[in-house]
Structure formats: C-alpha cells, structure tokens
Amino acid sequence: MARVFWFRRDLRLQDNVALNAAIDGAIADGDKKVCGLYAVNLKKFEALSGARQWSLHASLDSLGASMDRKLVIQHGEVPNSVSQTALAAGAKFVHATRAFDPDGIADQNAVGLELKKHDIFLQLDDSYYAVAPGTVRKPDGTPYRVYTPFFNNWFKAGWSAPVKLHKGFEWFEPIQCQGKPVPTKEAPFPIKAGEAYALRTWERFKQRALFNYDELRNRADLSGTSHLSHALAFGEIHPRTLLAELSDSDGHNVYRKEIAWREFYADVLLHNPDTTNEYYEPRFKSMRYDSGKTAEKKFEAWKTGNTGFPMVDAGMRQLLTTGWVHNRVRMIVASFLVKDLHLEWQLGAQWFEENLTDFDPASNAHGWQWTAGCGTDASPYYRIFNPIMQGYKFDPDGNFVRKFVPELAHIEGKDVHEPWLWVDGLANGYPAPIVDHSIEREESLKRLEEIKVKN
Ligand SMILES: Cc1cc2nc3c(=O)[nH]c(=O)nc-3n(C[C@H](O)[C@H](O)[C@H](O)COP(=O)(O)OP(=O)(O)OC[C@H]3O[C@@H](n4cnc5c(N)ncnc54)[C@H](O)[C@@H]3O)c2cc1C
C-alpha cells in the first residue's frame, strides 16, 4: 500500500527520519510507492511579504527538482489537501515530522482528525531539532527557563547521527499537482534556497569561517556566520547534519551553542505557547509604552531605516534589501525599538516576521523578548544597548554602515558612526538622530522602576 509523506518545515530528502519512516512503510507494505505532498493555504501564502513568498517558491522548486518533479503541491485548507491526497493514493498512513510550535501543533492536530474520519493514521516522527523540545528537563521535571543549564543538559541528552535517504521506493503522483503557489508580490532581491544550496552553504562556511566563528561571529561587517538560518527554519538542512561535523575546538563549540539557542527557544515556546505574542515575564505588560501619532512616526523611521542612528538604520535596511539581519544587529535594532523608542516588542517582532526569510516563531519571539528584557535573559541587570558604541565595536571600520546606508558612503572609517560630528556628515540627506540615546536610556530605566514598584 502506498504511503503519503506530508512535507512541512522539513523541505529536504537527506537526514529526514520521518520521510524514511514513510519509505520503510511503503516497502514493508509491498508496493514501494511514496507520494510527497506539500499543502499550501493560498490565503496565508498571499499574506506573506514578497521575500517570504519567493523564498518558499525557491525552496519548493529545489525540492521538486530533487524528486524528479514528482512533488505534489495542493492548494486549499491543509487538512483537506492532505486527506484528499491520501484518499487518492489509497494510503492508510500519512507520515510527517512532528512540530512543536503552536501553529504546527494546531495543523497536525487538524490533519490527524480529518484523516481519522477516513480511517487513515497520521504518523509523526522526529522533530525539526537535534533534541526534541520537551525532552530536556530539570531534575524536578520542570522545563528550564535559563539557557546555560538547558545547554548543559541538552548536550548530555545528545542526538542521533544523520541518516541518508532510504532507497528502494519510487515517488508517485496519485493526484494532479496544482503547482507552486505563484507569488503575488515582487522579491526585493534574488533568492536562493533549497537542500542543495543549504549543503553548499554549509561546506563554504566550514572552509571560510567556522574555525574562528568564536572570534568573528559578532562582527556585522564580516561574513563570519553560516547564513543557514533560512535553511534551518524551513528544514532544508537538519541541525543533526551540522552537529555531526563539529569537534571541540573553540569555534566549533560556540557554533554548537548557537544551534542550542534555537533548540532552547523551541523548548521555551512549547512550554509557553502564548509567548509568540504575550510577555514571558508578565510584569512587563504593565510597563508604560508609547503610542499615538509621534510613536507611529518613530516606528515608521525604524522600519525604513531612517532613525539617524547609522548602525540601527543599516540593520533595518539590511532586512529590507536582503531578508536577513546579522544576529548582533538584530539585538541592536530590537533594543533600540523597545528601550530608545519605548515601543512594544511585538511591533518589531511582527515587522521581522513579515520580512525575514528565516522567520522562526520561537527564535523570533524569544530573540525579541530576550532583548526587550522580558524574556529568558538571566542577566541581573537591564541591558540597554548603546547604538553608537555598538557600531564602533562591531563595525569598527564602518563598512557595514556604508554598505547599507549610501547617504553615508562619503564618510571614511569609523567616523560613519557619528555623522553629525562632521561638517558634511548629513549633507546627503541622512537624518539627524530622532532621539537622544542618553535621555531615552534614563527614561527606560525609570519605566522599569515603575513596574518593579507595582509588582
Ligand atoms: C530580535 C531577534 C529576532 C530573531 N529572529 C529570528 C528568526 O526569526 N529566525 C531565526 O532563525 N533566528 C532569529 N534570531 C536569531 C539569530 O539572529 C539568527 O538565527 C542568526 O542571525 C541567523 O544567522 P546565521 O544563520 O548566519 O547564524 P549563525 O551565527 O551561523 O548560527 C547558526 C544557527 O544557529 C541558530 N542561532 C544562532 N543564533 C541564534 C539565536 N540567538 N537564537 C536562536 N537561534 C540562533 C540559527 O538557526 C542559526 O542559523 C533572532 C534574534 C534576535 C535578537
């Protein structure tokens, strides 16, 4: 009997445990046929930004090519698409990778219920992580709220070796493919994606920067990180594949720790499913945040990269022109939105969700909450990034700023971080700072004190 494999955020063939389970099942059943399905809800697809629409398009194109163009794509409500395909295939089993985020769980529950009506079983295996969220617990059985002890126990839990695609089956299309969803918006830049591209990116990163990742990963002006976040978010590569090649050198250890942040946030979200939008530390909900016309104007300046703070603006323009932002810069722009402009983190997280091609519900929400101070940051003090000093430190020659802010291209070296100090600094239309950082820093601390008193 044929099996259906429902591709989700695991758009790859290698190191795909759940896909291998479908193949093994089809072989055991005797007819060796597997239908690979991707189900897309067009309404949700059309609501995505151009960058995100085209990046899914590129991922599906690559996946289809690796399956001899036998990927079946169905448009409509996901449970309906999966059950119609399973019925057409005469399958009694649909296989998929188990999701642990709120939307993923809701989807798999709805699909499971729909299939049950037709006596078809949804078999969920593995996860998008090396260690499935929910596995690592404190000795008393409760989940971790702090990263470092989580990391230590995550590392102890360990993971299995990557697996190759099982052989001895054939793809088949029991139902007509409705084609890749057609993007309704322009891509602001050329987008490459897919499993083969992810594996090439990993190979290049190993040659280029992995060995001194510990030293260079924070430099915004250098290509010192792997740029694998999109591939990990969409499962074009599994973290097992990366972890299996790491030794215990300094660079490799720090890279493993970054992979573990992704796993930590997935675990935190599993145990706190409302934190994609709600405060992880509830007392921050009662903090004073700005709203109204002036706040809206400031938000607009932040979104478009026109705050007058070069490092913040370069980051926000990096987002709009590449769909990706360096991790250090994500922290700088997020801190600025919350602690200098006094806006709620959810506004920034929503803008990131719309524009990041590596959008991940757990890493985005908790990256924001960590920076806003209402998340899992274990630091005893309230971090407020100085957007100017961060520029001097992590873009020491000013190359990152000049690359994304052409109005500042005429200023040489690190001087680009304070253009207002130079006679011709703002000559090309770059704005003066919209706020005074030292005043807003004090204001932010004052608002923090208010909630400490209240709570
Ligand atoms: C405000 C904010 C929002 C963020 N939103 C997202 C998001 O939507 N999607 C996303 O994948 N990452 C997000 N991150 C985490 C991080 O910025 C990106 O994963 C990283 O910049 C991706 O670049 P890279 O692949 O070159 O990372 P590398 O430095 O090469 O790291 C390797 C991988 O480890 C993981 N990783 C690294 N740092 C972190 C981190 N701090 N938190 C979680 N995972 C991490 C990523 O999967 C990354 O691809 C966010 C961080 C912040 C501060």
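Visitor: Which helices each supply at least two residues of the shell around the ligand?
Guide: The model is predicted: local features need pLDDT of at least 70, side-chain atom pairs count only at pLDDT 80 or more, and totals for chains, interfaces and linings use all residues. Residues are numbered from 1 along each chain as its sequence is written. Helices here are DSSP runs of H or I, at least four residues, numbered from the N terminus. Those that each supply at least two shell residues are helix 9 (229-233), helix 11 (250-271), helix 14 (327-340) and helix 16 (361-372).

Visitor: How many residues surround the ligand?
Guide: A residue is near the ligand if its C-beta atom, placed from the backbone, lies within 6 Å of it. The closest are T225, S226, S229, N364 and G367. The full number surrounding the ligand is 28.

Visitor: How many residues of that shell are charged?
Guide: Asp, Glu, Lys and Arg count as charged; Ala, Val, Leu, Ile, Met, Phe, Trp, Tyr, Cys and Pro as nonpolar; the others, Gly among them, as polar. Twelve shell residues are nonpolar and ten are polar. The charged ones number six.

Visitor: Between which domains does the shell around the ligand lie?
Guide: The protein is divided into domain 1 (3-126), domain 2 (129-161 + 195-271) and domain 3 (276-454), with bounds from an automatic or database domain assignment. Two of these give residues to the shell, so it lies between them: domain 2 and domain 3.

Visitor: Which helix gives the most to the side of domain 1 that touches domain 3?
Guide: The centres of domain 1 and domain 3, taken over C-alpha atoms, are 38 Å apart. Seven residues of domain 1 are in contact (C-beta atoms, placed from the backbone, within 7 Å) with eight of domain 3. Helix 3 (50-66) and helix 5 each give two or more residues to the domain 1 side. The most, three residues, come from helix 3.

Visitor: At what angle do helix 6 and helix 11 pack?
Guide: Their axes, lines fitted to C-alpha atoms over the stretch in contact, are 10 Å apart. Helix 6 (residues 147-157) brings Y147, F150, F151 and W154 to the contact, and helix 11 brings K257, A260, W261, E263, F264 and D267. The two helices are roughly perpendicular, at an angle of about 105 degrees.

Visitor: What is helix 4 relative to helix 5?
Guide: Angles run from 0 to 180 degrees between N-to-C directions; under 35 counts as roughly parallel, over 145 as roughly antiparallel, 65 to 115 as roughly perpendicular and the rest as oblique. Helix 4 (residues 78-89) and helix 5 (residues 102-117) pack at about 40 degrees, with axes 9 Å apart. That makes helix 4 oblique.

Conventions. Two residues are in contact if their C-beta atoms, placed from the backbone, lie within 7 Å.
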